[in-house]
Amino acid sequence: MVDGRQPGELLVPAYYWAGNGSMVIHRLKGFGRPADSEAYLQAYEPERLRWLRDTAGVNCVFLTYNWGLPPELEAEDWRTFERAARRCHELGMLAAAYIQPSNAAALGSFASKPWYAVTPKGKRIPYYNGRFFTCLNDRSWREWVLTRCLDACQRGADVLFFDNCAFGGMPIPLSRDYTAFAGCACLRCREAFGEWQAGRGLDPLPLPRLFRPGRSEAARRFAEWRAGTLTEFLRGIVEQVRLAYPGTRFVTNTVGGVNVNTFNVFGADLPAIASFMDWLFVENLQSPRAANGMLVQNAGTYKLLRALKPGAPALSIAYERGIGVDGPPPPSTFAKIAAEGYAAGGVPVLRAAEYIEDEKWTLLRQGRDDARLAAFGEVVRQFGALLADGCDRQEAARVGVFVPDAIGWRGDLYPGDEDDYLAVIQALVGAGIPFRVIGERHGPCDLGCLLLPASAAPPAWFHGRVLRFGELGLKRRGHSGFRWFAGPLEPVIRVLGPRVVDGYYSRVHVRRFVDRLDLLFRLVFGGRFARVPMDEGMARVLAAMNPAQVELSGPGYADLWEGPRGLEVHLVNYGDAPLAASVRPGMHAFAGVQGGELLDDGRVRVGRYAVVLLERVRPGGAQPAAAAR
């Protein structure tokens, strides 16, 4: 088994948080909102796990193990996990254990622990109601996390899932910089920061009271130290667990990791962390859709992750608006999430937990939610059929978007127009142009054109056509007022911003107000999901570089893969009504359609997901078709 899969088998994971600990955590997170106890306490029974497998094709279940609760509250979760892992194995599924590496609930025996991160004023930093960020330099916290990892493996974990990998609170974007405090200002960290500077031959600067790396040398150094601390903390745990349980797979989650600067916002150096992770994962926060000037797509999420560590499974989970806000979406949304993920070369994660219904936290349930799981499972089976002839599939798009680490993972929260790779990806998806994302770790590949940010040089191996982002003729919207807070408002926001963030995580009325207005999404992501039209002439130039061209009658996503049967044209419908797709196969001939309906005019009707199969035209053989028909 490789990465949880037999040859030709998909990895199909599901979030499935349940049990007593999840009820406690969700009551905290929801400021007293109750959980559906029957659903939570019966979730890991064999018939419900079998339901996930048989209906949705799930073969890897993310199970509750360690939420950061004290042992007197969490010990039952450890035993429940052990039983659930054993049942998963009996059903032929992997068991992934939830590990909380960066925060803890200040309850019971954890209430007075010395391991919590603090601000320069000595105040704990909240991570949701009743939970606080921990100091990653505290020896007792490090030992606690390692103990939980080893115990989870002993109880049957095949995968360890490190959630919310961060060091300290999230700083607030402000006028192309940040404010508030991030990290930890305890005596241990002050001393460690000073020693880190001295070890590099620098005159030590004091730990900054405000995190403003765009304006402060001390903050820039602190950002490097903060991210390095998280990397080494995780690396040390992984190395020790691998010695004891060498078959364990590891995956981390950084929320929205391809839409914000994870280096500054979370203290996470994702390229460094990815180097010792087996799978990559982010929460993409928004399910795919398009309407009213908005295009919400996560194809770029998967491709950016794939570029970060080529060859590693790239996992992502989609929400409608966020945890504690969404009710279960319709079956069509589950189908779109699955279709987009597979078409983009990623691993979509089925969200089976953390929904709100009738003012209660709940899970997807057998009987009530069969149609939702079946919609996801139908796409799983459809895509799995493509792998029946072998797994050797390669990206076939010949348009590449180059995203170096300095821009994609450590760049400004809102890249300048000449470096804005997210806007370029939005434009390509919106124009129906298949593309790849090329990172610093890519080796030579077959590209006809490389789209390049203004501040970067192309990789040494590329000798084809180069187009700068600024040459694409992107028609951008004006910048949102939420993005800048510059000028006279900046001093006010610098004071009030940290209080708003603190209130969001610790006061029910602030949290509900912010969630209902979607303010956090607007503040952090700004206009990232606005439609970005491209110059029509440039779009035709780029489309012509691909081995097949696609025209969609409505909002959707197209991608190209070379498989054992020939060229695969993957078509995903982002809208609610069926769309029609015209495929010009170039030097290929039409060989069939999977999942779509062939229309009389030669186009393909796409309900949610369809794959047009093309085969190379052999000399003296059939001529290429003018359209898919």
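**Exercise 1. Find which residue of β26 is the bridge partner of Gln549, and place this bridge in its strand pairing.**

Step 1. In this predicted model, Gln549 has Arg584 in β26 as its bridge partner.

Step 2. Strand β23 covers residues 549–552 and strand β26 covers residues 579–584. The two pair in the antiparallel sense, over four bridges.

Step 3. β26 also pairs with strand β29 (residues 604–606), in the antiparallel sense and over three bridges. Here Ala580 stands opposite Arg605 in β29.

**Exercise 2. State the order of the strands in the open sheet that contains β13, and name its edge strands.**

Step 1. The sheet has three strands, in the order β10-β13-β14, and the pairing is parallel.

Step 2. An edge strand pairs on one side only; here these are β10 (280–283) and β14 (347–348).

Step 3. β13 (residues 314–317) and β14 are joined by two bridges in the parallel sense. Ser316 has Pro348 in β14 as its bridge partner.

Step 4. Helix α10 (residues 299–308) packs on this sheet and touches β10, β13 and β14. The direction of α10 makes about 150 degrees with that of β13.

**Exercise 3. Decide how α6 is oriented relative to α7: roughly parallel or roughly perpendicular?**

Step 1. Helix α6 covers residues 187–199, and helix α7 covers residues 217–244.

Step 2. The two helices pack at an angle of about 100 degrees, and their axes are 10 Å apart.

Step 3. Angles of 65 to 115 degrees count as roughly perpendicular. Therefore α6 is roughly perpendicular to α7.

Step 4. On the α6 side, the contact is made by Cys189, Ala192, Phe193, Trp196 and Gln197. On the α7 side, it is made by Ala218, Arg221, Phe222, Glu224 and Trp225.

**Exercise 4. Describe the largest nonpolar core: how many residues does it have, and which have the most contacts inside it?**

Step 1. The core has 184 residues. Leu160, Phe162, Leu451 and Leu542 have the most contacts inside it.

Step 2. Helix α7 gives the most to this core, with ten residues.

Step 3. Take Leu160 as a case. Leaving aside residues up to four places away in sequence, Leu160 touches Ala97, Ile99, Cys149, Ala152, Cys153, Val241, Thr248, Arg249, Phe250 and Val251.

Step 4. Another core, of 16 residues, lies apart from the largest one. Among its residues are Ala548, Val550, Ala558 and Val604.

Step 5. As background, nonpolar side chains tend to be buried together in soluble globular proteins. In this protein, 61% of the 629 residues count as buried.

**Exercise 5. For Glu354, give the phi and the place in the chain, and decide: buried or exposed? Then do the steps again for Glu359.**

Step 1. Glu354 is not a glycine, yet its phi is positive, at about 65 degrees. Glu359 has a positive phi of about 60 degrees and is not a glycine either.

Step 2. Glu354 lies in the loop between β15 (350–351) and β16 (355–357). Glu359 lies in the loop between β16 and β17 (360–362).

Step 3. Under 20% relative accessible area counts as buried, and over 50% as exposed. Glu354 has 3%, so Glu354 is buried. Glu359 has 54%, so Glu359 is exposed.

Note on methods
Residues are numbered from 1 along each chain as its sequence is written. This is a predicted model: local features need pLDDT of at least 70, side-chain atom pairs count only at pLDDT 80 or more; totals for chains, interfaces and linings use all residues. Side-chain values use heavy atoms; hydrogens and water are left out. Buried means under 20% relative accessible area, exposed over 50%, partly exposed in between (1.4 Å probe, protein chains only). A nonpolar core is a set of buried Ala, Val, Leu, Ile, Met, Phe, Trp, Tyr and Cys residues joined through side-chain atoms within 4.5 Å. Contact means heavy atoms within 4.5 Å. Two strands pair if DSSP finds at least two bridges between them. Axes are lines fitted to C-alpha atoms, for helices over the stretch in contact, and angles run from 0 to 180 degrees between N-to-C directions. Angles under 35 degrees count as roughly parallel, over 145 as roughly antiparallel, 65 to 115 as roughly perpendicular and the rest as oblique.
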